[in-house]
Amino acid sequence: MEQYTVTGMSCAACSARVEKAVSQVEGVTSCSVSLLTNSMGVEGTATEQAIRKAVEEAGYGAAKKGAAKSSGLAVPADDLLKDMETPVLKQRLFSSLGFLAALMYLSMGHMMWGWPVPSFLDGNHVAMGLLQLLLTIIIMVVNQKFFISGCKSLLHKSPNMDTLVALGSGAAFVYSTYALFAMTDAQMRGDMAEVMAYMHEFYFESAAMILTLITVGKMLEARSKGRTTDALKSLMKLAPKTAIVWKDGTEMEVSIEQVKKGDIFLVRPGENIPVDGIVLEGNSAVNEAALTGESIPCDKTVGDAVSAATSNQSGFLKCEASRVGEDTTLSQIIQMVSDAAATKAPIAKVADKVSYVFVPTVIGIALVTLLVWLLSGATIGFALARSISVLVISCPCALGLATPVAIMVGNGMGAKNGIMFKTAVSLEETGKMEIIALDKTGTITNGEPRVTDLIPAEGVSEKELLQVAVALEQKSEHPLAKAVLKYAKDQKIDIPEVSQFQALPGNGLSGMWNQSFLCGGNYTFISSQAQIPENLKIQSEHLAETGKTPLFFSREGKSIGMIGVADVMKEDSAQAIRELKAMGLHVVMLTGDNVRTANAIGKQAGVDEVIAGVLPDGKESVIRLLQEKGKVAMVGDGINDAPALTRADMGIAIGAGTDIAIDAADIVLMKSRLSDVAAAIRLSRGTLRNIHENLFWAFIYNIIGIPLAAGIWIPLLGWQLNPMFGAAAMSLSSFCVVTNALRLNMLRIHDPGKDKPLKKRRIPNLESIHDSDRQEENIQIKEEIKMEKTMKIEGMMCGHCEATVKKSLEALAEVSEAVVSHEAGTAVVKLSGEISDETLKRTVEEKDYKVLSIQ
């Protein structure tokens with residue numbers, strides 16, 4: 001998406017016309033214009049010149065964002081969101097108020113309440129009128145932007161809010177000027193009764209008051225709009241302007257723009273990290289709250305990644321720059337939120353359609369009002385006052401701002417909490433999901449195995465069992481071995497050295513320690529080496545039923561116990577799933593595990609439905625079948641879930657960390673917490689509710705205000721609206737809409753206290769999504785592959801073995817995908833080029849698995 005800054009827009013009618021003009025340019029596939037940020041996002045092949053020409057022909061200006069940078073002019077990042085409008089409006093307002101005070105003193109204070117005036121004005125009605133004329137002209141010159149913009153848009157046949165203000169104020173001024181000249185003529189004729197009659201026909205104060213009050217409203221609106229980007233401004237301020245770079249053995253302070261990829265930079269305690277990098281030396285606690293919303297600092301040591309705008313709290317760090325400039329995590333977050341602000345939510349299209357015809361319709365209503373009152377016998381002054389009231393009370397701005405301000409605040413709120421919505425559509429639609437599919441590994445679970453149970457045999461201590469286990473596992477590369485070693489390290493167990501170590505693929509491990517022969521592995525292997533007690537057999541079956549992998553150990557032909565290892569659930573998963581269900585979502589868990597393991601984890605997590613045996617390439621077809629039952633959100637870790645994330649109505653990538661540019665997802669969650677999915681849904685629903693409120697008040701304001709201004713209620717109830725009060729109401733309408741949107745900042749997105757389903761929760765009938773359907777899908781997929789080999793592999797015991805084999809095979813350039821099943825003992829390899837069976841075999845056997853055959 002190419003982004004442009006658009007100048008000259010003042011209301012929703014402007015943005016609607018710019019959008020229509022650019023959409024008609026050849027090569028433009030989509031265009032969305034944001035009145036809030038005065039920005040435009042364009043997709044397609046159209047040239048910059050063609051787009052700018054279309055905008056200019058519509059009566060506005062456009063410049064491509066980043067043009068200054070490409071021409072060599074440095075633009076400070078925080079200037080992109082700096083409020084440039086409020087200071088100008090404030091200056092205009094103060095100037096207008098000074099002259100308006102003098103005008104009101106003369107027109108209202110002296111005329112109505114007899115306040116004193118200089119002797120040369122007392123009784124000199126013509127001089128009084130001329131002075132009012134002069135003060136009004138000054139105020140009109142101060143606020144000339146309304147007239148310039150209004151007239152330009154009228155000449156381009158695209159009237160906007162400025163046109164209404166200019167017509168209303170201009171009509172009041174022209175008629176008052178006519179009344180002044182007519183009064184002068186009457187005074188020259190000596191007709192004092194006519195002079196006094198014309199004195200009451202002056203609307204100079206109305207013309208000036210309209211301009212001043214609209215400026216008040218514009219300033220309040222600009223200040224409130226500025227606050228909608230506070231979240232992004234605070235992020236930008238966190239990025240240091242300089243960095244300490246280590247070059248040729250010396251420290252140099254350079255500007256952040258001069259830091260290049262590969263440079264070595266230093267960060268002392270209390271300083272913010274300038275760019276993304278990798279720690280080379282040192283360790284510290286780094287506060288990443290600015291990017292992830294996580295208040296607890298993360299420990300960083302050699303090899304760990306650090307991100308720009310995060311704060312180094314305790315230790316000295318020496319790092320190598322890995323991503324600089326626009327590639328840093330911070331810059332990508334800002335770009336993502338900016339892109340989201342430049343897109344349009346579907347609900348905004350209703351307001352856009354109304355805004356496009358709103359101003360011409362109001363001008364028509366004002367003319368009809370004038371004619372009807374004149375035909376009914378009212379004076380020109382009275383009829384004109386009603387017509388002017390219609391012009392100045394009508395507010396297309398409130399309609400145009402109703403959606404974008406809420407979207408901007410919602411996006412900022414999400415960014416502050418580590419929830420990144422890529423488009424306005426994703427922010428609006430997330431709260432409407434009915435089914436949520438959760439990938440098990442890395443989403444519900446941590447994605448890495450941990451020791452869960454330590455069960456020694458009779459007469460053996462836990463420490464003794466653990467020592468035997470780590471003695472064997474220390475030389476194994478298996479993921480389950482790493483879990484045992486980590487647990488032993490946490491328990492501060494000494495790791496003994498073994499001799500005569502052997503790794504037997506598919507079976508287990510063996511070695512000598514303290515002149516004792518040790519064995520470790522699965523039930524089949526250990527039962528061939530030692531007698532396993534009945535109680536251990538029963539306990540191992542129980543572990544398997546609860547989704548855990550039992551590892552058996554023996555010493556000198558005697559069983560000494562077993563250790564349970566599992567990919568355990570995240571601490572917040574069960575609570576997050578309860579919250580999702582309370583919101584009315586049907587929660588489905590997808591996993592490649594067998595049915596028994598999957599059901600055990602599903603029960604523990606509390607999901608509504610478990611779909612087991614789903615291979616990575618089968619997730620997309622499962623999502624397609626789920627979509628027959630309702631709108632589906634897919635939550636995955638973004639590694640092998642891209643097709644499913646793309647297929648789902650809403651793709652949510654969880655635990656993206658610093659890699660936020662996951663193209664397949666609509667929403668990127670910076671943390672690995674499932675509870676952020678519920679928070680994203682709450683934020684979406686809160687934003688949509690806020691938009692509905694804004695649109696309601698914007699529409700109801702005009703529905704009530706225009707008839708009142710036109711004088712419909714005068715014959716019935718005597719209600720009459722002065723044009724000045726109409727201008728005041730118009731000014732406040734936009735301010736109220738923006739202020740209401742700012743209430744979103746008070747939304748507690750992690751509080752489930754007010755959760756409720758949008759409608760009665762439906763439990764879809766998912767019986768059709770079972771093995772037969774998935775097998776059909778997999779068969780269809782396989783038929784499409786022309787180059788495919790099936791490898792029979794011995795030694796895979798769990799999902800981690802699958803991952804190891806899959807990763808090694810897919811590292812080969814000729815392999816496009818490897819579908820691995822430890823239960824079937826196979827790897828279906830899809831090829832993009834020719835590769836020998838020997839290469840495939842060697843690749844797998846290097847990982848300590850045995851290849852039996854390749855077909």
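Biologist: What makes Lys792 and a residue of β30 a matched pair, and which residue is it?

Modeller: Ser853 in β30 stands opposite Lys792. Before we go on: this is a predicted model, where local features need pLDDT of at least 70, side-chain atom pairs count only at pLDDT 80 or more, and totals for chains, interfaces and linings use all residues. Residues are numbered from 1 along each chain as its sequence is written, and side-chain values use heavy atoms, with hydrogens and water left out.

Biologist: How do you know that β27 and β30 pair, and in which sense do they run?

Modeller: Two strands pair if DSSP finds at least two bridges between them. Strand β27 (residues 788-794) has four bridges to β30, so they count as paired, and they run antiparallel. A strand here is a DSSP run of E, at least two residues long, while a helix is a run of H or I with at least four, both numbered from the N terminus.

Biologist: Why is one side of β28 and of β30 left without a neighbour in the sheet?

Modeller: The open sheet goes β28-β29-β27-β30, with antiparallel pairing. β28 (815-821) and β30 (850-854) are at its edges with a single partner strand each, so one side of each has no neighbour in the sheet. Neighbouring strands are turned by 25° against each other on average, direction ignored.

Biologist: What makes β9 a partner of β10, and how many bridges are there?

Modeller: Three bridges, antiparallel, and the cut-off is at least two, so they pair. Ala285 has Asp299 as its bridge partner in β10. β9 also has two bridges to β12 (residues 311-312), again antiparallel, and Asn287 is partnered there by Ser311.

Biologist: Which way do the residues of β9 point?

Modeller: Ser284 and Val286 point one way, Ala285 and Asn287 the other. That fits a general rule: in a regular strand, side chains alternate between the two faces of the sheet.

Biologist: Why is Ser426 called buried?

Modeller: Buried means under 20% relative accessible area (exposed is over 50%, partly exposed in between; 1.4 Å probe, protein chains only). Ser426, in helix α16 (residues 424-429), has 1%, so buried it is.

Biologist: What is Ser426 in contact with, leaving aside its neighbours within four places in sequence?

Modeller: Phe421, Met650, Asp666 and Ile667. Contact means heavy atoms within 4.5 Å.

Technical notes
Axes fitted to C-alpha atoms, helices over the stretch in contact; angles between N-to-C directions.
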